[in-house]
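Biologist: I am new to this structure and would like to understand how its descriptions are reached. Could we go through them one at a time, with the reasoning spelled out?

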Amino acid sequence: MTMRRLWPLLLITLAAGGVWVLQSQPRPLPTRPPLEVAATLAQAVTHPEPPGAAPLLEALRADLQVHRQLIVLFANESNLVGSGLERALAVGHRLHHERRDLVHQLNGALTRLAKEPAPQRDPVIGALLDWMEADPDLLELDRLAFRDSLRVLQKPLQADPTPAGAQLNRRLAQNLRESDRVEALVDAEYQRVFGGPGASARGGQRDRWQAYVTELQKRIPLGPLIMGAAIPRPAEELKGSREINGTELPEKVLILTFDDGPHRVYTEEIKAILQKEQVPAVFFEVGRNLGAQDASGKIKLSHLADLTEDLVKSGFLVGNHSYTHAQLSKETGAPLDLEIRETDQLLRAIPGAHSQLFRFPYGARTKVQLQALEPYHLRSVLWNIDSLDWADPVPSSVADRVLKVIAHEKRGIILFHDIHDRAGKVLPILIPKLRAEGYRFAGLDAEGSLLLAGQP
Ligand SMILES: [Zn+2]
């Protein structure tokens, strides 16, 4: 079986709440791809971990595997130009897409787990933490992959005042501190080599990071990885489509955009930073995070929709980022229409959240997809400054990439994501630095017109 065919199996397991009934085989072999291990779960009969831990462990392993693959893929980013970069981006977008589906289910399962009574909850969370802390297959820098899951678990648990809850919270906090420590090490290393805010570059090598990358390259050969199906970014001429593109902004004007949310933890964190800095932004949200429509057309909003309402109440703009984050350049007709319409209707159901802005996942669209926006009076919004925050776990490296592209473009729409912690780490560095260089942060209104503070 191929990796791609196995993803749905794992996702169905998580989505169906099978987390609580599945049993696992004895310790999975770390040399096998995580998804192959996942596929055997349904037939397994014995369980050394508490029942319930196995599918979550498999999902965490699969998530780690994609994290590692992305690092291998972009390991030589500075040498990636032209078609090489296009190819890495295409494969990276596919991996990112598969990981998104996985993480969507995983976050839901972790949140449900954190709300279970202690006798069910504690052994399962204990088994997950045991794995993160002690599995011999893990590398020190793998810790960078766990923070998002730890934060999702921590959020509902923080409200638990019982001794068992306090104990779990202490252990989660300890693991998060360990992730912070590792991140600080690789971040300081990056700054030492390339220079950071207020520091000059000393050159040399990123030894710790490079040792990690070298080990991953041994485990994950690049060749087979980039042989995967590519997502082409359509290059055909799309002028005259009312599409908004950052390259057309006035010089020294930037617009911040955050895609794929809302997220249980990070959307609020990013909102707080933007409010403190008084910077506008657009959040392009994935409809299935917000809720669903039943067969009779009745809208049922999820609790994440509250975060969207908070965003608009705080003056931020929200746009449509499709319902399932599908690659829409492959879709036509009714399925394409549904991806647009479902999210359009969900956003209309949240007071103040509807706008005319639409962002195609991966920017993948042709004239056919642009025409499909017309009945809804939606405008496509692209970006010209990609932070690659979904592929790069080192904050200084993400910030540096954004600054370099801005120095080249002089204006533009910046793409971040509010589904992991990177944007929240780099914004407090980037915003003051860019302002000091004379850049202004603008917003868009609900029709897509530029909103520039201090301008009529
Ligand atoms: Zn997206």
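Modeller: In this predicted model, helix 15 has among its buried residues Pro 395, Ser 396, Ser 397, Val 398, Ala 399, Asp 400, Val 402 and Ile 406.

Biologist: What makes a residue such as Val 402 of helix 15 count as buried?

Modeller: The cut-off is 20 or more other C-beta atoms within 10 Å of the residue's own, and Val 402 is listed as buried, so Val 402 reaches that count. The cover over the buried residues of helix 15 includes helix 7 (163-194), strand 8, strand 9 and helix 16 (422-436).

Biologist: How do you know that the length of helix 15 agrees with what should be expected?

Modeller: Helix 15 has 15 residues, which at 1.5 Å a residue should span 21 Å, and because its end C-alpha atoms are 21 Å apart, the two values agree. Helix 15 is followed by Lys 410, which has a positive phi, near 70°.

Biologist: Why are strand 8 and strand 9 called a pair?

Modeller: At least two bridges are needed between two strands, and strand 8 (residues 385-386) has 2 bridges to strand 9, in the parallel sense, so the requirement is met. In one of these contacts between the strands, Asp 386 has Leu 415 of strand 9 as its bridge partner. From strand 8 the chain passes through helix 15 (residues 395-409) to strand 9, in a β-α-β crossover that is right-handed.

Biologist: What makes strand 1 and strand 9 a pair as well?

Modeller: Strand 1 (residues 253-259) and strand 9 are joined by 6 bridges in the parallel sense, and because at least two are required, they pair. Phe 258 has Phe 416 of strand 9 as its bridge partner.

Biologist: Why is strand 9 described as mostly covered?

Modeller: Strand 9 (residues 412-417) has 6 residues, and 6 of the 6 are buried, so each of them has 20 or more other C-beta atoms within 10 Å of its own.

Biologist: Which residues touch the most other members of the largest nonpolar core?

Modeller: They are Leu 256 and Ile 414, in a core of 100 residues. This core takes at least three residues from each of domain 1 (3-190) and domain 2 (246-451).

Biologist: How do you know that Leu 256 touches Ile 414?

Modeller: A contact requires C-beta atoms within 7 Å, and Ile 414 is among the residues that Leu 256 touches, so this pair meets that cut-off. Leu 256 also touches Val 279, Ala 281, Phe 416 and Phe 441.

Definitions and conventions
Residues numbered from 1 in each chain as written. Predicted model: local features only at pLDDT ≥ 70, side-chain atom pairs only at ≥ 80, totals over all residues. Buried ≥ 20, exposed ≤ 12 C-beta atoms within 10 Å, placed from the backbone. Helix = DSSP H or I, 4+ residues; strand = E, 2+ residues; numbered from the N terminus. Right-handed = clockwise from strand over helix to strand, strands pointing away. Core = buried A, V, L, I, M, F, W, Y, C linked by C-beta atoms within 7 Å. Domains from an automatic or database assignment. Contact = placed C-beta atoms within 7 Å. Expected span 1.5 Å × (residues − 1). Lists of a residue's contacts leave out its neighbours within four places in sequence.
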